[in-house]
Amino acid sequence: MKKVLFIASEAVPFIKTGGLADVVGSLPKYFDKNEFDVRVMLPKYLCIPWQYREKMIYKTHFYIDLAWRKQYVGVFEMEYNGVIFYFIDNEFYFAGPKPYGYIHEDIEKFAFFSKAALSAIPVLGFEPDIIHCHDWQTGLIPVYMKERFQGNEIFRRAKSIMTIHNLKFQGIWNLKKIQDITGLPQYFFTPDKLEAYGDGNYLKGGIVYADMVTTVSQSYAEEIKTPFYGENLDGLMRARSNSLVGIVNGIDYEEYNPETDKRIPHNYNAVTFRKEKYKNKLDLQKELGLEVNKDRMMIGIVSRLTDQKGFDLIAYMMDQMCQDSIQLVVLGTGEPKYENMFRHFAWKYNGKVSANIYYNEDLSHKIYAACDAFLMPSLFEPCGLSQLMSLRYGTDCQGDRRS
């Protein structure tokens, strides 16, 4: 039986800021249990809901060196949907109301997480054949596997995979400070390794040292080899093209199923769609203080509020859109300029625009089920799960501006 360990910074249902969490949380349970033993390792954030934290079982603890400090590492375990999840505990790094903060703090946080995760593996009694790393937060893991952990037979035998969910986010910071935090020798900070344009780059290190590199669609695997989409790493992506594979994302059809979804008030399927779906719209209009009218076209946005997602285009068109007989429901957080833009239009067009500047999984499902159309005019999408979710709920999707 092949043993696989996913290591990531987020996964549903424990913690989510984007599509990374959906993939890491849902994919492991779909592996054939007769052929694969797939487990997941995450940070034990204090902002994980108590309903999950109270079920985590203490396994062990130890200390590791990081920069000039010794740091506590606790290891907890929990089974969810038939999958074993491990959680790395350290309140110095993982306290706070959200998983990510300022980049200089996150650089140290995920250096700790990478080293702690690898240090925990030998004491768990689970020796993975494949260590599957996700995004820049785990970019140091393939590097450490080839450096200080190379002396352990587990890591000499294991293969590493680096999955790029979005190349735009790379974990870039001051080269000298990254060298101090990681403890890696100067040898690793050259242009063919972790150095990039004078800075240190976690994701670049992961791409260079991983045995295989994957990304979330075949088209994105080709796009990131070009200067426009390559985010200054297109040369590296071309150099690693023989080890680069695009595997298209999917959604969890059990979690996103309008016929059985417990998060929405009125369930429906392809047969009852016309009789039942609009009732979700009426309920959401009442909940959000919008005009209650089933004939109003409701447009939904569930997204990180960033330039990548095309909100410059929405800002340009917002006043014109609101002259029509529509309602716009927004859910998400991100750049302050877009958060404040939607707050402004919710004030200006009260009863027509609802700006929910936070993230709530229940509300996201209600939006998918209630809306007539889903809007995501992205500048680019590595794969994009939101349009798949909206289509699953019978909500038309107007998407990627390249289409």
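Visitor: What does "partly exposed" mean here?

Guide: Buried means under 20% relative accessible area, exposed means over 50%, and partly exposed lies in between, using a 1.4 Å probe and protein chains only. Two background notes: this is a predicted model, where local features need pLDDT of at least 70, side-chain atom pairs count only at pLDDT 80 or more, and totals for chains, interfaces and linings use all residues. Residues are numbered from 1 along each chain as its sequence is written, and side-chain values use heavy atoms, leaving out hydrogens and water.

Visitor: Why is glutamate 287 called partly exposed?

Guide: Its relative accessible area is 46%, which falls between under 20% and over 50%, so glutamate 287 counts as partly exposed.

Visitor: What makes the pairing of lysine 366 with glutamate 287 a salt bridge?

Guide: The term asks for a side-chain nitrogen of Lys or Arg within 4 Å of a carboxyl oxygen of Asp or Glu. The closest N and O atoms of lysine 366 and glutamate 287 are 3.1 Å apart, so the pair qualifies. Lysine 366 sits in helix α14 and glutamate 287 in helix α11, 79 residues apart. Helices here are DSSP runs (H or I, at least four residues), and strands are runs of E of at least two, numbered from the N terminus.

Visitor: Why does lysine 366 count as partly exposed?

Guide: Its relative accessibility is 22%, so lysine 366 belongs in the class between the two limits.

Visitor: How do you know that aspartate 362 and arginine 263 meet in a salt bridge?

Guide: Their N to O distance is 2.4 Å, so the pair satisfies the cut-off. This one joins helix α14, home of aspartate 362, to arginine 263 in the loop between β12 (244-246) and α11 (273-288), 99 residues apart. Aspartate 362, at 35% relative accessibility, is partly exposed, and so is arginine 263, at 27%.

Visitor: What makes lysine 16 and glutamate 361 a salt bridge?

Guide: The N to O distance is 3.5 Å, so these side chains meet the rule too. Lysine 16 lies in the loop between β1 (2-7) and α1 (19-26), while glutamate 361 is in helix α14 (residues 361-370), 345 residues apart.

Visitor: Are lysine 16 and glutamate 361 buried or exposed?

Guide: Both are buried. Lys16 and Glu361 also belong to a salt-bridge network with Asp22.

Visitor: How many salt bridges does the rule give?

Guide: The count comes to 29 salt bridges.
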